[in-house]
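Okay, can everyone see the screen? Let me pull up the model and walk you through the parts I spent the week on.

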Amino acid sequence: MDFRTALDEADIRFITGVPDSLLKDVCACISSSYPAERHIIAANEGGAIGLAIGHYLATARPALVYMQNSGLGNVVNPIASLADPQVYGIPMLLMVGWRGEMKADGTQLHDEPQHVKQGQMTVNQLDILGIPYRVIDENTHDIVSIMKELVQMALDRSGPVAMLVRKQTFSTYKLNVQRDDSHLLTREAAIKLLIDALPENTPVVSTTGMASRELFEHRKATTKAYDHDFLTVGGMGHASQIATGIALAQPNHKVVCIDGDGAMLMHMGGLAISGKQPNLIHIVINNGAHDSVGGQPTLAENLNLAKIAADCGYSYVAQATTEQEVLQHIKLAVNGKNSAFIEIKCRCGARADLGRPDRTPLVNKTDFMQFLKGVAQ
């Protein structure tokens, strides 16, 4: 609980951010330790910066904003055009998980392909934004003094400062979330139902995280039709717009997007674009959690996503909780002539032995483009 103590000692009164697998233990501790009004899981990292700005304007105290380093792209605009000392001068403390970490000798720790470039450029991003930072790791024993120092630095410079967090910095902390979802399908089962029910030559775009891994595993165990799928291994929240771009270019064929609730919420404005595309089938697997990065809850558990989709222009909308309902609505969506949105309520969790794709993104892209070319002919 040293980090929790450090937050109190530095008088951090508000915390917000987007969960990250590298930060999952400290995020779990924060979720368990703070009331709802003091900790908000944001829809995206830029929104978290906005919340931190609002908190400072009302209290004159810096907030803590946590994120994976991939989220730095989402914070560039609000930091550079609002929080920077040359604009409004808003103090805040960023806690950034360093995926694809660069070591002191210039080599890079092994990580998934989507983290390689981001890991290489993370320090440069902070430097370009003019954000002072401290690197912390498992050998950091003076976190209380570091936290106080950083908060004071933020106040002194009237702008953001950062902690760059290495892998395995925090000890294990389990998030205790009680959910009555055992009666629901698993996400993997829902994906298998969906894929097996689609016409053979249907392009599929799958979202970041477990969904793409489970889709790949299903192809591996069955048809080996890897070329049918574009695995959106990075760029959380953008899978639906990638699918929409394909659907616009190939209007005579159905295109399927397998999305997640957290990803959909991250850039929900895209629904108003994709809902207008008549050959798009948008499937959202809603388990009310950021399941790939620790299981922290999303607001989607208590939202009617199908109704939101209808208001955004989708012609056919439905919610499914059973195998029969999933198959029924997929069939209607495939045979329909307009855009479709199907929300599948699922339980949290994934099997412990779930693998990762063993084909590179470049191979995936090349094969998928060749497949799309064949579909168009």
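So, strand 3 and strand 4 pair in the parallel sense, with five bridges between them. If you want a spot to look at, take Val65, which sits opposite Leu94 in strand 4. And remember as we go that this is a predicted model.

Stay on strand 4 for a second. Six of its six residues are buried, so strand 4 is largely enclosed by the rest of the structure. Generally, side chains in a regular strand alternate between the two faces of the sheet. Here Met92, Leu94 and Val96 point one way, Leu93, Met95 and Gly97 point the other way, and all of them are buried.

Just before that strand there's a loop, running between helix 4 (72-83) and strand 4 (92-97), and Val87 is found in it. Val87 has 42% relative accessibility, so it counts as partly exposed. Together with Leu82 and Tyr88, Val87 makes a nonpolar surface patch of about 310 Å².

Okay, over to the other sheet I wanted to show. Which order do its strands come in? It goes 8-7-9-10-14-13, six strands in an open sheet with parallel pairing. Strand 8 (229-231) and strand 13 (316-320) are at the edges with a single partner strand each, so each has one side left without a neighbour in the sheet. From one strand to the next, the twist averages 15°.

At the strand 13 edge, the partner is strand 14, residues 340-345, and those two pair in the parallel sense over five bridges. Gln319 is the residue that stands opposite Glu343 in strand 14. Helix 8, residues 210-221, packs on the sheet too, where it touches strand 7 and strand 8, and its direction makes about 145° with that of strand 8.

Then there's helix 7, residues 187-197. What does helix 7 lie across? Four strands: strand 7 (204-206), strand 9 (255-260), strand 10 (280-286) and strand 14, and helix 7 runs at about 175° to strand 9. Its buried residues are Arg187, Glu188, Ala190, Ile191, Leu193, Leu194 and Ile195. As a reminder, an α-helix has 3.6 residues a turn, so residues three or four places apart point the same way. The buried residues of helix 7 pack against strands 7, 9, 10 and 14, and also against helix 8 and helix 13 (323-335).

You'll have noticed charged residues in that buried list, which brings me to salt bridges. The count for the model comes to 18. One of them joins the side chains of Glu214 and Arg187, at 2.7 Å, N to O. That pair links distant parts of the chain, with Glu214 in helix 8, Arg187 in helix 7, and their positions 27 residues apart. Are these two buried or exposed? Both Glu214 and Arg187 are buried.

Next one: Arg351 and Glu217 meet through their side chains at 3.1 Å, N to O, in another salt bridge. These two are 134 residues apart, with Arg351 in the loop between strand 14 and helix 14 (361-376), and Glu217 in helix 8. Arg351 comes out at 32% relative accessibility, so it counts as partly exposed. Glu217, on the other hand, has a relative accessible area of 16%, which is why it counts as buried.

Arg351 also has a salt bridge to Asp353, at 3.0 Å, N to O. Asp353 is at 57% relative accessibility, so that one counts as exposed. Which residues does the network take in? Glu188, Glu217, Arg351 and Asp353 are linked in a network of salt bridges.

Last thing, a couple of backbone oddities. Most residues other than glycine have a negative phi. Ala60, though, has a positive phi, near 65°. Ala60 is in the loop between helix 3 (45-59) and strand 3 (64-68), and with a relative accessible area of 46% it is partly exposed.

Gln168 is another non-glycine residue with a positive phi, near 65°. Where is it? Gln168 is in the loop between strand 6 (160-165) and helix 7. Its relative accessible area is 56%, so Gln168 is exposed.

That's what I've got, so go ahead with questions.

Conventions
Residues numbered from 1 in each chain as written. Predicted model: local features only at pLDDT ≥ 70, side-chain atom pairs only at ≥ 80, totals over all residues. Heavy atoms only, no water. Pairing = 2+ DSSP bridges. Axes fitted to C-alpha atoms, helices over the stretch in contact; angles between N-to-C directions. Contact = heavy atoms within 4.5 Å. Patch = residues over 30% accessible without salt bridge, like charges linked within 9 Å, V, L, I, M, F, W, Y side chains within 5 Å. Areas by Shrake-Rupley, 256 points an atom, 1.4 Å probe, with all protein chains shown as cover. Salt bridge = Lys/Arg side-chain N within 4 Å of Asp/Glu carboxyl O. Buried < 20%, exposed > 50% of the residue type's maximum accessible area, 1.4 Å probe, protein only.
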